[in-house]
Amino acid sequence: METSVCSWISDFDFLLSVVELTWFTLLCGGILLQQACPQVKNILVLDSEGKRVAVKYYSDEDWPTNGAKEAFEKTVFSKTHKTNNARAEVEVTMIGSYVIVYKFVDDLHFFVTGDEDQNEVILASVLQGFFEAVGILLRGNVEKREALENLDLILLCLDETIDGGVPLETDPAVLASKVASHSMDSGAPLSEQTLAQALATAREHITKSLLK
Amino acid sequence: MAQPLVKKDDDRDDEAEYSPFMGIEKGAVLQEARVFNDPQLDPRRCSQVITKLLYLLNQGETFTKVEATEVFFAVTKLFQSKDVGLRRMLYLMIKELSPSADEVIIVTSSLMKDMNSKTDMYRANAIRVLCRITDGVLLTQIERYLKQAIVDKNPVVASAALVSGIHLLQTNPEVVKRWSNEVQEAVQSRAALVQFHALALLHQIRQNDRLAVSKLVTSLTRGTVRSPLAQCLLIRYTSQSASNSQGGDRPFYDFLEGCLRHKAEMVIFEAARAITELSGVTSRELTPAITVLQLFLSSSKPVLRFAAVRTLNKVAMTHPMAVTNCNIDMESLISDQNRSIATLAITTLLKTGNESSVDRLMKQITNFMSDIADEFKIVVVEAIRSLCLKFPLKYRSLMNFLSNILREEGGFEYKKAIVDSIVILIRDIPDAKENGLLHLCEFIEDCEFTYLSTQILHFLGIEGPKTSDPSKYIRYIYNRVHLENATVRAAAVSTLAKFGAMVDALKPRIFVLLRRCLFDSDDEVRDRATLYLNTLGGDGEVVETDKGVKEFLFGALDIPLVNLETSLRNYEASEDAFDINSVPKEVKSQPLAEKKAPGKKQPTGLGAPPAAPPTTVDAYERLLSSIPELASLGKPFKSSAPTELTEAETEYAVNVVKHIYDRHVVFQYNCTNTIPEQQLEEVSVVVDSSDAEEFGFVLSKPLRSLPYDSPGQTFVVFEKPEGVPAVGKFSNTLKFIVKEVDPNTGEADEDGVDDEYQLEELEVVSADYMQKVGISNFRNAWESLDADLERVDEYGLGPRESLAEAVNAVISLLGMQPCEGTEAVPSNSRSHTCLLSGVFIGNTRVLARLQFGLTGPKEVAMKLAVRSDDIAVSDAIHEIVASG
């Protein structure tokens, strides 16, 4: 009868391991198979002291409370803020079981987090798309104060970059035009100048990317 | 639209900390939200207020239910405005508020109107919002529009619908699955991201249909995929279906290899990684992937270097030889600015390095260690530890490296990792012992961590006396008595006593030192000194230490501290002295997380034991002793975990707990009646023991009454030969009288009907006769048992899914406690040693050493060595395995 217990256990384990194996294969690439494992776990924009400018989390399982989110931001900030190279290039690190790519522009710190099996090159392209789009939207004036003054644009840009963890768009020029075009139709006189500028920069950026 | 928030330019210089949201307050903003109700909407101002609300939410502010509802109703008014910017903020706000079902109805029609608007941006965003907040009923109403949207010519609209589909598949799979034709069409889209989203959704719809996935993959690998992201997905699906299809040849390998020449880096990396992760990948298949990763190692982009070194680090675990080509590039990464990359490079090199390169590597690492963070240092220390175990001949330079970094600055976790490593090296490499012990001695001369000092002193007490010249350690130990805090002093006194007990030549000198300790300012130190002087006979002649004293000094306390604590709490001061044997030895909590640190269980209060959940053993004991018929049986040897005898959600839920006594077995049936309209009476379990010959029925104790939802117990007692691990199968039938209960009054009818209910069988297995009893130091315990009472045999365990699975199966078959964390099998390992300990019925201590190895593909063989106080028990353990 031990045999039966034993074989039952091993059957069960076998099933589990099959499930795990499948999961693993899927997770390995961080495939968008399950909502439980979105590609991007969060996007953070923090200031030079690690305070929030704008953040968006796509995984409530990892960070169920605001406290957990703030703790995560604190860790991420304290472990990365000395990386000067992040001003020149997209940098990358692992914290716990997360891969985090980041880029600093002036006093703004941009982060994109994925789980450890994530393809970091994809995360980097999401980050690149996002912060370059922000650059276009803020007319090259990427700094905290400007970002807060145009927080609506930043939030819209976040919304256009990722939907529930899935990358929606990674091309900065397209992203910026999607955010900016909303206001274009409105014809609100006050915003026209801003938008004309934004579009000009967008056009410039497209040309640049074509010439690359 | 930024202007309204901008303060005048000249303010900027005055206030460095200026923020447009300074002094913002929830109450005030909620007041401001009233502008949404104005008959003449001001879009600019409304947008501003929404931004402020979103800012508050973003900063972690929460709205109460009432506030959220109010805001929601207010913002719905904004649908009247034609302003596109405002509409967009409105969408964002609705998503953030995640309205309840009855609130959703209010915005549904507005959003559906937007979904069919002429403005593409409206359509895309309305789809995303609606899908985010919708429920199943509403979804069927909008399904038609969504299907159209998927094949919309505007890519933004199509993507919005597809991504929404990905999310909706979690909640409403049956609806989304009906869209596969449209999604299939979208996969062929010319727009890159539409293709990506469509592929993700299509695969997700069909993920359970391997054939369909395989077809999809085949057709796409031949066609053109425009988006790099979609190409990455395709690579994942390909390698996934390749791993599903059994057999040697991999039809998709060529596709993966082709992707290594793609122009997008993300695709190249994805493909390289997929190849390295193929199960049973050959070195020929690996080569092209390693080559591109090697190129990435010298990329200017940190992300690529990181990705490559991270992947190669994993490959190094299974195919160290394949990675050696990259060693030169890897070595230059040791000085990489990015410390994550540098650490990964070092640990990879340590994995792939051969014996001759160790010295050179250590030199490079020494320069590197000073400027990385502690957490990276710990990774390096662990890698060095395993390297040293791999090349024991190199212990000298590795040990020197460890002792050097031990002297440098560092936090507790880092120092602990180093000390643990040295301890492990001392244990596993006999040559390294004296050298290592001296390094530890030097470390405690200047150690700021009390925990580490006491651990090392304890370890010295065990290992020091066995060295060729024990006297040279005494100075270091006695220095502690002068220089340290009370905790360390007490530990030092214990260590001195151990030297005294083991080395007779040192005894007189030790006594002198111990006598000095009698004047210590701390009472624990004085008490210990007194105790040891007495047990070692320090006040009289120098005599040889007897066995009892040695056992007292060196024996591990093999009782879980939690149990000891409970017993001591329950102990009432009386004439009878406290009997340590009355403490249950069953381990209830998880094994201690800490495994390698020596002397964990020394009862000095160091290293506080983890809080354990309250033990159920006491509860059972109290229950059993409250029933006269059962109390007479004595104290149960072991109580099993409950086993369910009914399926979930049946009328009556029954589980059984097996209490094992020396001569009896008691089955405790925990019954719950889940039918409110019934009351059960005279509940008993009729047990058929015809398949359990060695057991004889003694008595059954029925349960008088079992009302709805209040669990009750009934017991059945069997007798069995004393001390014998009898096994058997028992079939069970629940017998009772059912009485209807009036739902209004809650009173039961007078008359009842006899009824029966079939339960599942229960088994008494060998593991039931084994208590899980952990020990702190397996090696010492193993050596303390007579080697003549050892039984060794080899077993073929047949094909197994994995090594870990085989290890777990044997552990649960034997029902013993894994020691020192050996139940965890590192992935990819080809062999594993597992240490188990337990107490067998009749209070016989049993230790088992299990060595597992893979003999063929998935074939597992096991060598089992058992030691116990009784040779018959050792044989019994082998029998259990042989028959299991």
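How many helices and strands are there in chain A?

## Chain A in outline

Chain A contains seven helices and seven strands. The structure described here is a predicted model. Read from the N terminus, the elements of chain A follow the order α-β-β-α-β-β-β-α-α-α-β-β-α-α.

Chain A has 212 residues, of which 59% are buried. When contacts in chain A between residues at least 6 apart in sequence are considered, 49% of them join residues at least 24 apart.

## Aromatic pairs in chain B

Across all chains, a search of the whole structure identifies 22 aromatic pairs. One of these is formed by B:Phe667 and B:Phe718, whose ring centres are 5.8 Å apart and whose planes meet at 55°, a tilted arrangement. This pair connects distant parts of the chain: B:Phe667 belongs to strand β4 (residues 664–673) of chain B and B:Phe718 to strand β8 (residues 712–719) of chain B, with their positions 51 residues apart. B:Phe667 has a relative accessibility of 0% and therefore counts as buried. The value for B:Phe718 is 0% as well, so B:Phe718 also counts as buried.

B:Phe718 takes part in a further pair, with B:Phe730. Here the ring centres are 5.2 Å apart and the planes lie at 55°, so the pair of B:Phe718 and B:Phe730 is tilted. Because B:Phe718 is in strand β8 of chain B and B:Phe730 in strand β9 (residues 728–741) of chain B, the pair ties together parts that are 12 residues apart in sequence. B:Phe730 is buried, its relative accessible area being 0%. Ring pairs join B:Phe667, B:Tyr669, B:Phe695, B:Phe697, B:Phe718 and B:Phe730 into a cluster.

## Charges over rings

In chain A, the ring of A:Tyr57 has the charged end of A:Lys69 over it, at 5.3 Å from the ring centre. In chain B, B:Arg144 is placed over the face of B:Tyr145, 4.7 Å from the centre of the ring.

## Helix packing in chain B

Helix α9 (residues 155–171) of chain B packs against helix α12 (residues 192–206) of chain B at an angle of about 25°, and their axes are 9 Å apart. Angles under 35 degrees count as roughly parallel, and α9(B) and α12(B) are therefore described as roughly parallel to each other. The crossing of α9(B) past α12(B) is left-handed. Residues of α9(B) that meet α12(B) include B:Leu162, B:Ile166 and B:Leu169, while those of α12(B) include B:Val194, B:His197 and B:Leu201.

A second packing involves helix α25 (residues 412–428) of chain B and helix α26 (residues 433–445) of chain B, with an angle of about 155° and axes 9 Å apart. The angle makes α25(B) roughly antiparallel to α26(B). The crossing of α25(B) past α26(B) is left-handed. On the α25(B) side the residues are B:Lys415, B:Val419, B:Ile422, B:Val423 and B:Ile426; they meet B:Lys433, B:Gly436, B:Leu437, B:Leu440 and B:Phe443 of α26(B).

## A buried aspartate in a loop

Where is B:Asp768 placed? B:Asp768 is found in the loop between β11 (762–764) and β12 (770–772) of chain B. With a relative accessibility of 7%, B:Asp768 counts as buried, because buried means under 20%. Apart from neighbours within four places in sequence, B:Asp768 has contacts with B:Lys638, B:Ser640, B:Lys658, B:Ile660 and B:Glu763.

Methods. Residues are numbered from 1 along each chain as its sequence is written. Chains are lettered from A and ligands numbered from 1 in the order in which they are written. This is a predicted model: local features need pLDDT of at least 70, side-chain atom pairs count only at pLDDT 80 or more; totals for chains, interfaces and linings use all residues. Side-chain values use heavy atoms; hydrogens and water are left out. Rings of Phe, Tyr and Trp (its six-membered ring) pair if their centres lie within 6.5 Å; planes under 30 degrees apart count as stacked, over 60 as edge-to-face and the rest as tilted. Helices (H or I, at least four residues) and strands (E, at least two) are DSSP runs, numbered from the N terminus. Buried means under 20% relative accessible area, exposed over 50%, partly exposed in between (1.4 Å probe, protein chains only). A charge sits over a ring if NZ of Lys or CZ of Arg is within 6 Å of the ring centre and within 35 degrees of the ring normal. Axes are lines fitted to C-alpha atoms, for helices over the stretch in contact, and angles run from 0 to 180 degrees between N-to-C directions. Angles under 35 degrees count as roughly parallel, over 145 as roughly antiparallel, 65 to 115 as roughly perpendicular and the rest as oblique. A crossing is left-handed if the near helix is turned anticlockwise from the far one by less than a right angle, and right-handed if clockwise. Contact means heavy atoms within 4.5 Å.
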